[in-house]
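Reader: Several structural terms will be applied to this model. I should like to see each one justified against its criterion.

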Amino acid sequence: MSLKGIWKSALGMAALAAACNAQAAPKGVAVSVVPEKTTLGQNDDVVVRVTITNNSGAPQYILKARTPFEGVDEALFDVKRDGEPVVYLGAHIKRAAPTAADYFLLKPGASHTVKVELSSLYDMSVSGDYQISYKQVSPQLFLASAGAAERGGADGDHATLVSAPASVWIDGRVGRGQKSQVMLDIEAMKRAAEQPSPSAGGLSFNKCTTTQQTTITQAMSAGSAMASDGDAYMQRGVIGTRYTKWFGANNATRVATVKSHFAAIKDAFATKPVTVDCGCKQNYYAYVYPTQPYKIYVCKAFWNAPMTGTDSKGGTLVHEMSHFNVVAGTDDHVYGQSGAANLAITNPDLAVQNADSHEYFGENTPALN
């Protein structure tokens, strides 16, 4: 959840039914969140039990990365304190477009429950009344058929899975109504990011071989060129198929959002001190912690990607740079070109907040005007 995004309501969400402990998705799949304790002190972990149940008479397939079944490494929850959104502290990951193998089978009538510790993933250091919901909106959330994954997705008609909020009182380290250290740090970084930088910030490496450093330097140059080209397009103000392909219909508010995003992405490449870490051994492309600019962790798929073009090394860096709160604060609503193109049509408000949409606009492959 980004600094720009934490004050925005989740787009395309169904209203919550507060009287219920679980709210069913249109497919008959329901999710509930139950806290282990409803009153906690400053040294207590915030642990909840998440249960997803298939109340339908047919097997359902849920995207694993959108569930906590194999760990939580995306912003799966909506957490509010005294009604205000709480900052997500975890990672945003660039993955390949999902295939059928990426979905979890939930048989008719079956439930699956896991425990999740949330205080390491969300800023819960301030005293207050917290409302915790599992909340996911993505056209790729459910798999309609084996062929749907090949079409980018999935079952876009049933793209929401939301629980009713669970309430927890926390006596935190910071007094009620005060700003946490996390928020103070984010605000300070945002002010610093908005200041003009007289020179390039430079590139540094961690756990990278000499060969990897050379490759990353080239990728940074490619990503910077993509960001500059995207910024130049938006600055011209002539909205054509390149924009509408990835961000949807020409709408002044959304256009202004994308324009500001690419100006910030370009500036980050050109003037900010970027560190690239090569220690990741996971199969995805890369990840960042949005509250920790400007460090990018590159993973296995990154090294196999082309330098430019679709899902490229340069484009991956554009994707990751867009995630930082102080840059564009994007999220990962869908992955892959087909999914991103479909999102532009079905939900352009989500498209302008989707990292892959920014990457594909920057890569511009095949080229559009």
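**Helix 7 and its surroundings**

Reader: What makes helix 7 largely enclosed by the rest of the structure?

Author: Eleven of the eleven residues of helix 7 are buried, so the helix is largely enclosed by the rest of the structure. Buried means a relative accessible area under 20%, exposed over 50%, and partly exposed in between (1.4 Å probe, protein chains only). The buried residues include Lys313, Glu320 and His323, together with Gly314, Leu317 and Met321. The model is a predicted one, in which local features need pLDDT of at least 70 and side-chain atom pairs count only at pLDDT 80 or more, while totals for chains, interfaces and linings use all residues. Residues are numbered from 1 along each chain as its sequence is written, and side-chain values use heavy atoms, with hydrogens and water left out.

Reader: Why is histidine 319 called buried?

Author: Its relative accessibility is 0%, so histidine 319 meets the criterion for buried. Histidine 319 belongs to helix 7, which spans residues 313-323. The numbering of helices (H or I, at least four residues) and strands (E, at least two) follows DSSP runs from the N terminus.

Reader: How do you know that histidine 319 and aspartate 356 are joined by a polar contact?

Author: Their side chains come to 2.9 Å. A polar contact is a pair of N or O atoms within 3.5 Å; within protein, one must be able to donate a hydrogen and the other to accept it, and residues adjacent in sequence count only if both atoms are side-chain atoms. The distance between histidine 319 and aspartate 356 therefore satisfies the limit.

Reader: Which residues does histidine 319 contact, apart from its neighbours within four places in sequence?

Author: They are Lys94, Thr330, Asp332, Ala355, Asp356 and Glu359. Contact means heavy atoms within 4.5 Å.

Reader: What makes serine 312 a cap of helix 7?

Author: A side-chain oxygen of serine 312 lies 2.9 Å from the backbone nitrogen of glycine 315, and the capped end is the N-terminal one.

**Alanine 301**

Reader: Why is alanine 301 counted as buried?

Author: Alanine 301 has 18% relative accessibility and therefore counts as buried. This residue lies in helix 6, residues 300-304. Beyond residues up to four places away in sequence, alanine 301 touches Asn283, Tyr284 and Tyr285. Its C-alpha atom is 9.2 Å from that of lysine 313, twelve residues apart along the chain.

**Strand 13 and its partners**

Reader: How do you know that strand 13 pairs with strand 3, and in which sense?

Author: Two bridges link strand 13 to strand 3 (residues 39-40), in the parallel sense. Two strands pair if DSSP finds at least two bridges between them, so the criterion is met. Tryptophan 169 of strand 13 is the bridge partner of threonine 39.

Reader: In which sense does strand 13 pair with strand 11, and over how many bridges?

Author: Strand 11 (residues 128-137) pairs with strand 13 in the antiparallel sense, over five bridges. One of the bridge partners in strand 13 is isoleucine 170, matched with glycine 128.

Reader: Which residues of strand 13 form its covered face, and which the uncovered one?

Author: Ala166, Val168 and Ile170 form the covered face of strand 13 (residues 166-170), whereas Ser167 and Trp169 form the uncovered one. In a regular strand, side chains alternate between the two faces of the sheet.

**Backbone geometry**

Reader: What is notable in the phi of lysine 207, and is this residue buried or exposed?

Author: Lysine 207 has a positive phi of about 60 degrees although it is not a glycine. With a relative accessible area of 63%, lysine 207 is exposed. Its place is the loop between strand 14 (203-206) and helix 3 (210-236).

Reader: Why is asparagine 364 called buried?

Author: Its relative accessibility is 13%, so asparagine 364 counts as buried. Asparagine 364 sits in the segment after helix 10, and its phi, near 50 degrees, is a positive value in a residue other than glycine.

Reader: Where are cis peptide bonds found?

Author: One joins proline 293 and tyrosine 294, with omega about -5 degrees. Tyrosine 294 is in the loop between strand 16 (286-288) and strand 17 (295-298). A cis peptide bond also joins threonine 365 and proline 366, where omega is about -5 degrees. Proline 366 is in the segment after helix 10 (355-363).

**The chain as a whole**

Reader: How many helices and strands does the chain have?

Author: The chain has ten helices and 17 strands. Of its 369 residues, 53% count as buried. Among contacts with a separation of 6 or more, 73% are between residues 24 or more positions apart.
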